[in-house]
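The following exercises concern helix packing and nonpolar cores. Each task is followed by a solution in steps.

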Amino acid sequence: MTKRLLNKYLLLTATISVLLLVNSCSTKKNTWTRRAYHNLTCHYNVYWNGMVSLNEGKQLLRDKVVDDHNNILSVYNFGTKEDAVTLNPKMDRTIKKASIGIQRHSMTFGGKEYIKWVKDSYLMMGKAHFYKQDYTSARRVFDYVAKEYESSPIHYDAILWLARTYIQTERFEKAEATLNLLQSKINEPDFPRKVEREMPAVYADFYLSKRNYDAAYPYLERGIEVSPDKYIVTRMYYILGQINQLEKNYDKATEFYEKVIKRNPPYKMAFEAQMNIANCYDEGSGDSKHINKVLLKMAKETKNKEYLDQIYYALAQIAISDKKDTLGIYYLKKSVSTSVSDPVQKTTSSLELADIYFNKGSYQDAQAYYDTAAMSLPKDYPDYEAILSKTSVLSDLVTQVQVIKLQDSLQRLAMMDSTALFAMVDKLIEDYEAEQERIAEEKEQGQGTQFVDMTRTRTSQPLGGGWYFDNTAALGRGRTEFIKKWGDRKLEDNWRLTDKRSVMQSYEDDEELTEDDSEAKRDSTIVLVTNPRDRQFYLQHIPRTEEQLIVSDSLIVEAYNQLSYLYYEELKDTAIALDTYLEFQEKYPNNKYRLDSWYALFKIYKDMGNVEEANYYGNLIVSNYPESNYAKVIQDPDYFVKLSQQQNEAAKLYEKTFKAFNREQYYRVINYSDQAADLYPGDTGLIPKFLYLRAISLGAVDVVDTLYSSLQALIKEYPTSSVAPLASSVIKTLQLEYGFGVPDGSGTNATGENEQSIYKFNPAEMHLVMIIVQSEEVNISALKIRISDFNKKYFRLKRLRVKSLMLDDQHTLVTIGNFDSKDEAGNYLLALKNDEYVVSGLQNKDFNVYSISSSNYPVFYKDKDIVSYSKFYDENYSRD
């Protein structure tokens, strides 16, 4: 309805109301008529101004909200809390105008309201609260209108808005009951046509909020037929397309998306509809050439620059559907590389690409894309934990592969003669300097070519899949791995002994050193050279001594062991695991993990049905490690079953022993404990418990010295057992009461209690928002003015007060209040922190913003410990 038509409608209604009012007054008709006319015209102006603000706010919200097209849309999008804050000026004005109209111009006679716009003002006020996302106030107003004006058609409107409020607050049972109540009244003679036409869309929104798409479907279809809102109808077409796409009814989904595009929707929705049409393409179900042509044309358009990741993803889906996997991978890579503002799309493309590489066994490529996805993966993403676990496993795998490649490469360099090695390094330096000269020349010519690191771009012969000088990162990894294993030691002969003086060696051992030079080198530690023009930059991680070669070998052994395990146990890739285990044993036959490797090879060959190889590794284990669990299970496949039965028997014996202890049958306890020690000596879980009961029983039947010595022996042998703290406590008591000597303390543990917070968490209590700033860095008066301006613009109705006072010599405290609860203060705090005008004077300054309850505020001001309250705040407020 246009503004002019609405004006005519309102004036006509006002005239009719005046006539009705005149006829209802038996006396003083002229006086009442004048008063009624005055009230009507005044209320009309107030109500009209309120409606203008409400509609402007609704349009502002519609322009501002962002839909998540990766999920099925809702019929209505009322935005986030941040979006709602921007509507506060408009909605507060609407509430103010509604309040003025109600308070000043209401005319009630005999329980009947004669100014129709009073009840309209109440409904308008409820809508304003709703759009502010102040759902509690909105619910109260709608409920009031529904009950107070039950004889008026407006109460149907109020019930419908009440249902919307329950949907937004996820009170679905109440929402359903409210909608059903409204449905039961639909045949009433005064039921508004407008409400009847809006009901299907609200019903659809209700079921969509519950993700019950089958139930929502017929209401969406009906809503399209009767809804008066073109924008909402377009959304319902789009949602029907999404539901059909989800159910893989691609032809029907495409039909709905094409209808969306024809209705001239906002560009983002039209774009998403076009993308979904492409994603609905299935092999043999359409013309992929036409779709590809459209998408490639879209990729060239400047307006689609920020949507390139989605376009390339759609092209990838078409290529994969057409069995063009190489092209699909190409487009997926393009999707990842062009994604700059849509983390969900980047995650989706990265995961699909990672899965393709993973299924091919290209684990290093898969890791790179899983890692990319993990950086932006939301916690509610399907299989979130499984994806993170796979990423972690593959990251570990890639690390082990890189360690092996790096150390192999370094060892090969170590075997080169110094002349050849220096020649190679000098050539690298020469290439680097030539590249730097070229870059300098281009800069002078204004071309601004970016720096190219020659140590990265140079290609050499592959050594185990990678050459040391090809990767600058590898030049720094050698020292990192060294420190991880041995600590930050000096590079010296016998470097594993920390009290040896440093004797730096180099490839130029034949050069004669002066006494001063030798002394300086002895006192020096490892210092990384970072200048690519220095030989040492390339040579510094090469193992130069036998001791350093041992370290390098140990790093390779550790990496091979972990890599083999990851292939076999985590990735279940038996073929690659077998090759890795065999390569490991071939290169390092006497490594410390050979027992584990032999048993893994035994199991792999056994599962493959290769009896000969399985027996070979089984015999190696039995002959070299006859007492190992591996040997025992090879000789007796039921070994672990029997071991479990033995553990059950030990548990039953302990239960008998404990019962005897409770009955003070101490000699029986001692006897049972001795039996357990003979029968189950390897049960480190229960034996310490037996020994503890035995020691206490000895103390009861023998001298206290026996108790003391038995407990000391228990702690010494089982210092980490669950009964060690109990034994330590008894020992301390014996020391105090009987004066025994100071125990060795190996089993004692100093436990500290968690510090009790001085603050109490009460979310329903009145709250303040406080800003703590450095007094000398921030203009407090200017800050308070900006906050006051912010309050007037967005929170005018709250009548908030801004105060400041010195917290200590360095900090000033600015408080804003009062707020009725933690949530209300939290909403304000969120809006405040996101307002550029308020925080403009705090940029690059040290400041903190918290909400605090009225009871905690004086405690904080007295304590003045910002760190302590920050910890309490993080534990109780930030988690929301």
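**Exercise 1.** Leaving aside neighbours within four places in sequence, determine which residues Leu 182 is in contact with, and place Leu 182 in its nonpolar core.

*Solution.* The model is a predicted one. Step 1: with those neighbours excluded, Leu 182 contacts Tyr 156, Ile 159, Leu 160, Phe 191, Val 195 and Met 199. Step 2: the largest nonpolar core has 75 residues, and Leu 182 is among those that touch the most other members, together with Val 75, Tyr 131, Met 199, Leu 208, Leu 220 and Met 236. Step 3: helix H7 (residues 154-168) supplies the largest share of this core, 10 residues. Step 4: another core, of 73 residues, lies apart from it and includes Ala 299, Leu 315, Tyr 588 and Tyr 639.

**Exercise 2.** Establish the relative direction of helices H25 and H26, and classify the residues of their contact.

*Solution.* Step 1: the axes of H25 (residues 546-570) and H26 (residues 574-587) come within 8 Å and cross at roughly 160°. Step 2: angles over 145 degrees count as roughly antiparallel, and H25 and H26 are therefore roughly antiparallel to each other. Step 3: H25 passes H26 in a left-handed crossing. Step 4: the contact involves residues including Tyr 560 and Tyr 567 of H25 and Ile 576 and Phe 584 of H26. By class, its residues are 10 nonpolar, three polar and two charged.

**Exercise 3.** Carry out the corresponding analysis for H12 and H13.

*Solution.* Step 1: H12 (residues 250-262) and H13 (residues 267-279) pack at about 155°, their axes being 9 Å apart. Step 2: the two helices are therefore roughly antiparallel to each other. Step 3: their crossing is left-handed. Step 4: Thr 254, Tyr 257, Glu 258, Val 260 and Ile 261 of H12 meet Met 269, Ala 270, Ala 273, Gln 274, Asn 276 and Ile 277 of H13. This contact comprises seven nonpolar, three polar and one charged residues.

Technical notes:
Residues are numbered from 1 along each chain as its sequence is written. This is a predicted model: local features need pLDDT of at least 70, side-chain atom pairs count only at pLDDT 80 or more; totals for chains, interfaces and linings use all residues. Side-chain values use heavy atoms; hydrogens and water are left out. Axes are lines fitted to C-alpha atoms, for helices over the stretch in contact, and angles run from 0 to 180 degrees between N-to-C directions. Helices (H or I, at least four residues) and strands (E, at least two) are DSSP runs, numbered from the N terminus. Angles under 35 degrees count as roughly parallel, over 145 as roughly antiparallel, 65 to 115 as roughly perpendicular and the rest as oblique. A crossing is left-handed if the near helix is turned anticlockwise from the far one by less than a right angle, and right-handed if clockwise. Contact means heavy atoms within 4.5 Å. Ala, Val, Leu, Ile, Met, Phe, Trp, Tyr, Cys and Pro count as nonpolar, Asp, Glu, Lys and Arg as charged, and the others, Gly among them, as polar. A nonpolar core is a set of buried Ala, Val, Leu, Ile, Met, Phe, Trp, Tyr and Cys residues joined through side-chain atoms within 4.5 Å. Buried means under 20% relative accessible area, exposed over 50%, partly exposed in between (1.4 Å probe, protein chains only).
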